[in-house]
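Student: I'd like to walk through this model one question at a time, with the cut-offs spelled out. Could we start with a single side chain and work outwards?

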Amino acid sequence: MKRKVISCVCFVMALLLAFPVCAEAESDSGELPVTVNAKAAVLMDVSTGKVLAAANENEKLYPASVTKIMPLLLIMEAIDAGVLSLSDEVVASATAASKGGSQIWLKEGETMTVDELLRATAIYSANDACSALGEHLAGSEEAFVDMLNKRAKELGMNNTHFDNCTGLDDTTTTHLTTAYDVAIMSAELLKHELIQRYTTVWMDSLRNGATQLVNTNKLVRFYDGATGLKTGTTAKAGCCVSASAMRDGTHLVAVIMGSPTSNDRFNGAKALLNWGFANYETVTPTVDKSLIVPIGVIGGIQESFTPVVPELRPILLKKGDFERLEQNVDLAADVAAPVETGQRVGTIKFILDGETVGEYPLTAPHAVEELTIFEVLRRFLCSFECLIKDES
């Protein structure tokens with residue numbers, strides 16, 4: 001009888017180890033948990049980087065082709081910096097052409113533009129196209145991988161190490177990242193609006209229609225507001241996705257890693273995104289102008305000025321919290337001349353339940369020069385002349 005009980009326990013333990021557990025991702029307040037069938041999950045607000053829901057977000061896992069978010073980021077940054085242009089021609093090397101997995105079957109010496117290779121990488125997750133782009137930018141695959149790891153450190157992706165730019169993990173055990181780190185690089189990539197020209201495309205083609213490209217991210221076709229971003233699947237990684245979407249100014253990214261099936265990853269991402277859009281909103285606060293009073297200038301040719309209120313950035317709030325926002329204005333009573341244009345003279349904060357959710361500088365609208373002895377004398381003479389005129 002004891003042997004039967006022990007056998008049953010062993011069998012159950014084996015099942016638990018064989019499949020990923022259902023990660024319960026909860027909001028920061030512990031409300032409205034969302035269950036996803038994955039090893040790790042994160043929901044992040046793109047504009048602020050705030051984590052809205054997470055489970056096992058710092059566990060190191062294989063990312064598969066979700067890796068390509070970082071190469072795409074470096075390519076976007078190079079384009080913005082003028083180092084690359086979409087029309088640049090890239091010649092495929094033997095190394096790039098030899099990549100396995102998903103590919104567009106580049107041939108050694110074949111020429112494609114940066115735009116074409118971006119389409120192949122972002123839409124179809126082509127390993128050869130991604131490698132060709134990396135070699136073109138950095139000079140070699142090894143140098144490009146070094147760039148990926150350096151940029152990851154700069155972004156604070158402290159639990160990430162890239163061995164390659166594709167996510168192929170059949171020969172590596174150290175190509176690892178976390179759901180949280182994937183969310184960080186996803187949010188950074190989405191700052192470049194150009195990327196959505198590629199990540200939102202469902203179907204495209206290359207080589208005059210001979211090579212068909214179908215997006216591996218089904219949410220691009222079926223999820224309202226989808227902006228991308230990248231899927232990944234290998235035996236080690238399982239099914240992964242970094243799925244982003246924007247609705248009514250709120251831009252969210254849901255990262256799912258280690259799902260047992262493709263449907264599990266997409267269902268998990270949709271559940272997180274749906275919960276996020278249902279419970280949060282992006283709003284632009286308004287300033288009570290009566291709180292912005294003039295500031296005196298000590299020893300200046302102008303006695304006072306009214307600070308400038310900057311254009312306020314939108315902030316993410318739970319729905320219903322906007323009406324409860326409090327404003328706190330901290331202004332200097334006066335400042336000493338000279339005053340520079342744009343000089344910070346105070347701060348306006350928006351506070352919710354004692355926590356600062358938005359902070360903006362208040363600045364001088366123009367320069368105020370220091371009052372000189374000559375200006376004092378000039379003013380005295382003007383006053384004296386006016387006094388004589390009044391008496392006459």
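Student: How far does the backbone oxygen of Trp105 lie from a polar atom of the side chain of Arg207?

Tutor: Happy to start there, with a note that this is a predicted model, where local features need pLDDT of at least 70, side-chain atom pairs count only at pLDDT 80 or more, and totals for chains, interfaces and linings use all residues. Residues are numbered from 1 along each chain as its sequence is written, and side-chain values use heavy atoms, with hydrogens and water left out. A polar contact is a pair of N or O atoms within 3.5 Å; within protein, one must be able to donate a hydrogen and the other to accept it, and residues adjacent in sequence count only if both atoms are side-chain atoms. From the Trp105 backbone oxygen to a polar atom of the Arg207 side chain, the distance is 3.4 Å.

Student: Which side chain makes a polar contact with the side chain of Arg207?

Tutor: Begin with what Arg207 touches (contact means heavy atoms within 4.5 Å). Leaving out residues up to four places away in sequence, these are Ile104, Trp105, Leu106, Glu110 and Met112. One of them has a side chain that makes a polar contact of 2.9 Å with the Arg207 side chain, and that is Glu110.

Student: Is Arg207 buried, exposed or partly exposed?

Tutor: Arg207 is in the loop between strand S7 (203-206) and strand S8 (211-214); helices (H or I, at least four residues) and strands (E, at least two) are DSSP runs, numbered from the N terminus. Buried means under 20% relative accessible area and exposed means over 50%, with partly exposed in between, using a 1.4 Å probe and protein chains only. The relative accessible area of Arg207 is 26%, so this residue counts as partly exposed.

Student: Which residue's side chain is joined by a polar contact to that of Ser125?

Tutor: Ser125 is another loop residue, between helix H4 (114-124) and helix H5 (127-138). Its relative accessibility is 4%, so Ser125 counts as buried. Among the residues it touches are Lys68, Ser102, Ala120 and Lys230. Its side-chain polar contact, at 3.2 Å, is with Ser65.

Student: How many of the residues of helix H7 are buried?

Tutor: H7 spans residues 179-189 and is mostly covered. What covers its buried residues includes strand S3 (40-45), helix H2 (69-80), helix H6 (141-154), strand S9 (226-234), strand S10 (238-247) and S11. The buried residues include Asp181, Ser186 and Glu188. Out of eleven residues in H7, the number buried is ten.

Student: What share of the residues in the protein is buried?

Tutor: The protein has eleven helices and 19 strands. Among contacts between residues at least 6 apart in sequence, 64% join residues at least 24 apart. Of the 392 residues, the buried share is 47%.

Student: Why does the pair of Phe350 and Tyr360 count as edge-to-face or stacked?

Tutor: The structure holds three aromatic pairs; rings of Phe, Tyr and Trp (its six-membered ring) pair if their centres lie within 6.5 Å, and planes under 30 degrees apart count as stacked, over 60 as edge-to-face and the rest as tilted. One of the three is Trp275 with Tyr280, at 5.9 Å and 70°. For Phe350 and Tyr360, the centres are 5.9 Å apart and the planes stand at 80°, so this pair is edge-to-face.

Student: In which strands do Phe350 and Tyr360 lie?

Tutor: This pair ties together parts that are ten residues apart in sequence. Phe350 is buried at 2% relative accessible area, and Tyr360 is buried at 1%. Phe350 lies in S18 (residues 344-352), and Tyr360 lies in S19.

Student: Which strand gives the most to the lining of the largest pocket?

Tutor: On a 1 Å grid over the protein atoms alone, a pocket is an open set of points where a 1.4 Å probe fits, with protein on both sides within 12 Å along at least five of seven lines; lining residues have an atom within 4 Å of a point. The largest pocket holds about 420 Å³ (the space filled by probe spheres set on the points, which are joined across faces, edges and corners). Its lining has 20 residues, with Val46, Ser47, Thr48, Arg313 and Pro314 closest to the centre. S11 (250-259) supplies at least two lining residues, but the most, four, come from S19.
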